[in-house]
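User: I'm new to reading protein structures, and I'd like a close look at the inside of this one. Pick a good spot to start from and walk me outward from there.

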Amino acid sequence: TPDDLIFDQFQETALPGQLHVISHPGRYGLGPELPGSIYAVVDGMLVRIDPDTREIQSVIRRIDRILD
């Protein structure tokens with residue numbers, strides 16, 4: 001199921017070519033980044049990642065397009 005695919009990505013590492021780092025979280029309805037993480041888009045999914053390791057910490061939701 002699609003939900004299984006989302007959770008399969010949890011705690012995997014995002015490759016640079018798959019990763020769009022979000023520079024304006026408010027455009028996605030998000031607040032400030034949490035310490036130790038940044039927001040990004042990976043394969044159409046809005047996620048929170050570790051900025052040093054690129055490990056996906058949480059999947060927030062699917063998005064239709066990049067807004068920033």
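Analyst:

**Starting on the inside**

L46 counts as buried because its relative accessibility is 0%, and the cut-off for "buried" is under 20%. Keep in mind as we go that this is a predicted model.

Where does L46 sit? You'll find it in strand β3. To place that strand, read the chain along its sequence: the pattern is α-β-β-β-β, which comes to one helix and four strands. There are 68 residues in the chain, and buried ones make up 32% of them.

Now look at who surrounds L46. If you skip its neighbours within four places in sequence, L46 is in contact with I22, Y28, L30, A40, V41, V59, I60, R61 and I63. Try tracing one of those partners, V59: it is 13 residues from L46 in sequence, yet the two C-alpha atoms are 6.3 Å apart in space. Contacts across long stretches of sequence show up in the whole-chain numbers too. Among contacts with a separation of 6 or more, 40% are between residues 24 or more positions apart.

Next, step one place along to V47. Leaving out its neighbours within four places in sequence, V47 is in contact with I38, Y39, A40, V42, I56, S58, V59 and I60. V47 also belongs to the largest nonpolar core, a group of nine residues that also has A14, L19, I38, A40, V42, M45, I49 and I56. Two strands, β2 (38-42) and β3 (45-49), each supply at least two residues of this core. There is a second, separate core as well, with seven residues, including I22, Y28, Y39 and I63. You've met some of those names already: I22, Y28 and I63 are among the contacts of L46, while Y39 is one of the contacts of V47.

From here, let's follow the chain out of β3 into the loop that leads to β4 (56-62), which is where D50 sits. Here's a puzzle for you: what does a buried D50 have in place of a salt bridge? D50 has no salt bridge, and the nearest side chain of opposite charge, R48, is 8.5 Å away. That rules out a salt bridge because the cut-off for one is 4 Å. What the D50 side chain does have is backbone nitrogen close by: one of its polar atoms lies 2.7 Å from the backbone nitrogen of D52, and the side chain also reaches the backbone nitrogen of T53 at 2.9 Å. Setting aside residues up to four places away in sequence, D50 touches G36, E55 and Q57.

R54 lies in this loop between β3 and β4 too. R54 is not a glycine, but it has a positive phi of about 65°. With a relative accessible area of 34%, R54 is partly exposed. You can spot a similar backbone feature in the loop between β2 and β3, where D43 is placed. D43 isn't a glycine either, and its phi is positive at about 50°. Its relative accessible area is 48%, so D43 counts as partly exposed.

Finally, let's head for the segment after β4, where I66 is found. I66 is partly exposed at 41% relative accessibility. This brings us back to our starting point: I66 and L46 are 20 residues apart in sequence, with their C-alpha atoms 9.6 Å apart. Not counting residues up to four places away in sequence, I66 touches H20, Y28 and V41.

D68 lies in that segment after β4 as well, and its 23% relative accessibility makes it partly exposed. How does the side chain of D68 hook up with its surroundings? It makes a polar contact with the side chain of H20 at 3.0 Å, and it reaches the backbone nitrogen of S23 at 2.5 Å. Leaving out residues up to four places away in sequence, D68 touches H20, V21, I22, S23, H24, R27 and Y28. As another distance to check on screen, the C-alpha atoms of D68 and G26 are separated by 9.9 Å, although the two residues are 42 apart along the chain.

One last zoom out, to the surface: the chain exposes about 4,400 Å², and carbon and sulfur atoms supply 51% of that.

Notes
Residues are numbered from 1 along each chain as its sequence is written. This is a predicted model: local features need pLDDT of at least 70, side-chain atom pairs count only at pLDDT 80 or more; totals for chains, interfaces and linings use all residues. Side-chain values use heavy atoms; hydrogens and water are left out. A nonpolar core is a set of buried Ala, Val, Leu, Ile, Met, Phe, Trp, Tyr and Cys residues joined through side-chain atoms within 4.5 Å. Buried means under 20% relative accessible area, exposed over 50%, partly exposed in between (1.4 Å probe, protein chains only). Contact means heavy atoms within 4.5 Å. Accessible areas come from the Shrake-Rupley method with a 1.4 Å probe; for residues, only the protein chains shown count as cover. Lys and Arg count as positive and Asp and Glu as negative; His and the chain ends are not counted. A polar contact is a pair of N or O atoms within 3.5 Å; within protein, one must be able to donate a hydrogen and the other to accept it, and residues adjacent in sequence count only if both atoms are side-chain atoms.
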